Structures are given as C-alpha cells and as structure tokens.
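Visitor: I've got a structure here and a few things to ask about it. Could you walk me through it?

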Amino acid sequence: MYVSNELYNCFRVGKKNHYILGMKTVEMKLASYFAAFACLFLCCSSGTVADLDLDEQALLQFSATVPHGRKLNWSPATPVCTSWVGINCTKDGSRVIALHLPGVGLHGQIPANTLGKLDALMVLSLRSNRLSGNLPSDVLSLPTLRYVYLQLNNFSGDIPSSLPPSLDFLDLSFNSLTGNIPTAIQNLTNLTGLNLHNNSLTGPIPNFSLPRLRLLNLSYNHLNGSVPSSFQKFPASSFVGNHICGPPLNQCLTISPSPSPSPTNFPPPTVPENPRRDSHKKLSIGAIIAIGVTGSALVFFLLLILVLSCLKKKRNQGGALTSKVKGGRSEKPKEDFGSEVQEAEKNKLVFFEGCSYNFDLEDLLRASAEVLGKGSYGMTYKAILEEGITVVVKRLKEVAAGKREFEQQMGIVGRLGQHPNLVPLRAYYYSKDEKLMVYDFIAAGSFSSLLHAENMGVLFQAGIRG
C-alpha cells in the first residue's frame, strides 16, 4: 500500500513523543513510591526514639522519687541500654524490657506513673530491698510482664487482681501481704512458679487449674481449710505454717453431729452427792499430797546435810594423815616432782623480775615430767606445760633452811643468773617439805655431757702435752 513520505514522518514523530511521555510517567511513579517509603521509615524511626525516650523519663522519675542506698549511674547524658545499671533493652535498643535492682537499698513506696509506663517491660526484679506500701497495680498489670521478683520487701495490702495473662513467674514471698489469694490467678495459664510464703494471707486456697505450674509455696501464712485437689501433688512443705489440712498434710478431722436424744432414751437423772462430803474428800487428798511433798523435801535435805558432813570429816582425816606421813619422812620417793607439795601451799611460785612466764604451781604439777639427772642435792626434771612451755625444775632434798634464809639464797642465785654464761633462775617455790627451783630449758645438752665429750678429752690431752 502506498504511503506518502509526509504521512510516514508524522507517524514516526508521534510514536516518539508517546514513548517519551510514557517514560516520564514511570519516573513520576517511582519518585512517588520512594517518597512514601522514606516518609514511612522516618515515621517508624522517630516513633522508636520517642518510645525509648518515654522509658528513660519513667526510669529517671522513679530514681528521683524513690530513695536508694547505692547510687545509680542513671543519667540523661549516657545511653540507657548500654550504660545504665540494671537495665536491659531489646536487641535493636529500642525499648527497655528488663529492670534488675536487687539489694540496692530502695525504700519507700513505688509511685504511680513511673515504672507503670514501661509498657514493653518483661522482667521486674526489685527483691531484697525495703520497699513498702501497696503493690504497684499499674506495674503488675503491664501486658508484656512475664517475671516478677518482689520478695524480701515490706509490701502490704492485697495482691492485685489485674495480673497479666502472660505472667510466667510470680514471687511475692517475705512481705506483709494480707487478704485472700486472688481468684484472677486462675487466668494465668502460663504460670510455672508461685511463691507467696511468709506473708499474712488469709482465707481458703482456691482450687486453681494451672497446667504448667511446677513450683508452689504458700507456707507460713494464715490460710485455712483444706488443700485443693489440684495442689495435692506438691510437697507438704508448700503448705506448712497454716491452718489447713488434707493431703499431703494430715487428714482433716470430720466431726459427725451427735443424734438428738429421744424422749424415750433420756438417761436417768443423777442424784448429786453431798457437796460437803466432796469438798471434805478433795481437801483430804490435797492435804495428803502437801504432807507427802513436805516430808520428801525434809528427808532430802537431811540426807544432803549428812553426806556433806561425812565428806568434810573424811577430807579432814585425809589431810591430817598426809601431814603426819610427810612429817615423819616415811613416804617413798617418786619421779613426779610435785607429789609431795602440800595442798595448802600451792600456787605460791615466786618469779624473778624480768621473767616472762605466766603459770602457777598447779600448771607445773600437771605438766609431763622427764628425769634429766640426779645430783647430791636432788633430782632435775624437764617439764612441758600445757601451753608448750618447757622448763627445768630442780627438786631440792635435804636442804635444812628456813623460809627467810631460803629466799635470801635464791636471791643470790638469781643475781648470779644474770651472767651471760649461766642459765638464769626464773622462779622458786618454798614449803616446809618441798623446795623447787625453775630454770630455762637449754636444748644443747647438760654441762656434764660437755665436760666428758670426746673433743674435750682431746683438747685436755693436747693441753697436757703442751
């Protein structure tokens, strides 16, 4: 078909203009889509920042109104999710989901409209503080709340009934809560642990059906009635300290009503006895009991006095016999250096000035003794006291000296002991039949062993030859 050149050129120009117009339409649509997406992104990000700012303001208001012992490092100048102690946020850092402040000295009430504004909170732990007042109902009704730890505080009043159905664990133990256990707990189908022990809750235990409950403790309250059948699978320790019965506790006592007596079965009337005879009989029994008690006490005291007098007489006889035997020198020698010390003169050790020992004669007599040697004036013992102190005790024999003369001689020996080459005398003891001298223990051996040593003999021979 023949088409003129003019008509063909017009058709080509029109097609080109239509193509350009279509491209502009597509570009305009893409620009509008991009603008809408950017607007949506900005709206979402601004909403996230606004939510975190609200959480920050709620926490700062709580910290400012509730006194606390330990200073919290909560400051508007630092980021909430990465710097504030006890705070956990979501992974993207957009909301606060956990608050952990155990044992930081919080005291007083939790004000409304503070923690209750944390509408993304999942974990609340304020245990082991001194918080008081009613439980914060706005906090315990947060729909996202799952774990609540408010034990070991001073909360009082009733347990709120507006608990969220998402709650997984609730611990309100060791407070002063009163009232009944709320029936709204029946709606907590996700609950796995319930601790309400050591409070002042009253009333019966509701028969809840909580299929996921694994931990239950209602002990030490003022609950009454019987244990519901749904809770009988828990141990008895979950219910002790209340006025309840039934498994797993003791069985409840059922009191059956007594039948009313019929007119034909009335018991015969009892004739009262003479009241004067009863009173006389009771008086006689009381008098007999009183006489018996008095007589027993009197016999007991008489026997006690008799035993004490016999012991005293026996002791006096033994003391006289001991003094006679010691006076006649008829006793046999023993290795215990304190066997002959008179009882009446014990605890009279005389210590020299500068001595650091602190023991008495009884301690010396109780010490374990070991014989070191025997000389012309008596025996020498090594004594180890209970405190671990080791001393040498010289027990003098056949020394006829009065007390004053003996003390003078001991003074001379004590002054001689100040020489650096002599063992000092630390203490002495004097009695009529016993005289002791106490020295330091030198572990290097005796003077006799040093004199008779082999090297001394060689030196002595060398001296003779020279």
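What follows is a short round of questions and answers about this model.

Visitor: How confident is the predictor on average, as pLDDT for the protein chain?

Guide: This is a predicted model, so local features need pLDDT of at least 70 and side-chain atom pairs count only at pLDDT 80 or more, while totals for chains, interfaces and linings use all residues. Residues are numbered from 1 along each chain as its sequence is written, and side-chain values use heavy atoms, with hydrogens and water left out. pLDDT is the predictor's confidence in each residue, from 0 to 100. Here 70% of the residues score at least 70, and the chain average is 77.

Visitor: How many contacts does the model have for residues 338–347, beyond four places in sequence?

Guide: A contact means heavy atoms within 4.5 Å. In this stretch the pLDDT stays under 50. Where pLDDT is low, the predicted coordinates should not be read in detail. With that caution, the number in the model is 30.

Visitor: What is the strand order in the open sheet of six strands?

Guide: Strands (E, at least two residues) and helices (H or I, at least four) are DSSP runs numbered from the N terminus, and two strands pair if DSSP finds at least two bridges between them. The pairing in this sheet is antiparallel, and its edge strands, S15 (350–351) and S16 (368–375), each pair on one side only. Reading across, the order is S15-S19-S20-S18-S17-S16.

Visitor: Which residue stands opposite Lys 382?

Guide: Look at strand S17 (residues 378–384) and strand S18 (residues 390–396), which pair in the antiparallel sense over seven bridges. The partner of Lys 382 sits in S18, and that residue is Val 392.

Visitor: What angle does helix H6 make with strand S19?

Guide: Helix H6 (residues 403–416) packs on the sheet and touches S18, S19 (425–430) and S20 (435–440). Axes are lines fitted to C-alpha atoms, for helices over the stretch in contact, and angles run from 0 to 180 degrees between N-to-C directions. For H6 and S19 that gives about 170°.

Visitor: How are the rings of Phe 406 and Tyr 428 arranged?

Guide: Rings of Phe, Tyr and Trp (its six-membered ring) pair if their centres lie within 6.5 Å; planes under 30 degrees apart count as stacked, over 60 as edge-to-face and the rest as tilted. Phe 406 lies in helix H6 and Tyr 428 in strand S19, so the pair ties together parts 22 residues apart in sequence. Their centres are 5.9 Å apart and their planes at 70°, so the pair is edge-to-face.

Visitor: Is Phe 208 buried or exposed?

Guide: Buried means under 20% relative accessible area, exposed over 50%, and partly exposed in between (1.4 Å probe, protein chains only). Phe 208 pairs with Phe 231, with ring centres 6.3 Å apart and planes at 70°. Phe 231 has a relative accessible area of 3%. Phe 208 has 4%, so Phe 208 is buried.

Visitor: Which side chain does Asn 217 join by a polar contact?

Guide: Asn 217 is found in strand S12 (residues 215–217), and at 19% relative accessibility Asn 217 counts as buried. A polar contact is a pair of N or O atoms within 3.5 Å; within protein, one must be able to donate a hydrogen and the other to accept it, and residues adjacent in sequence count only if both atoms are side-chain atoms. At 2.7 Å, the partner is Ser 219.
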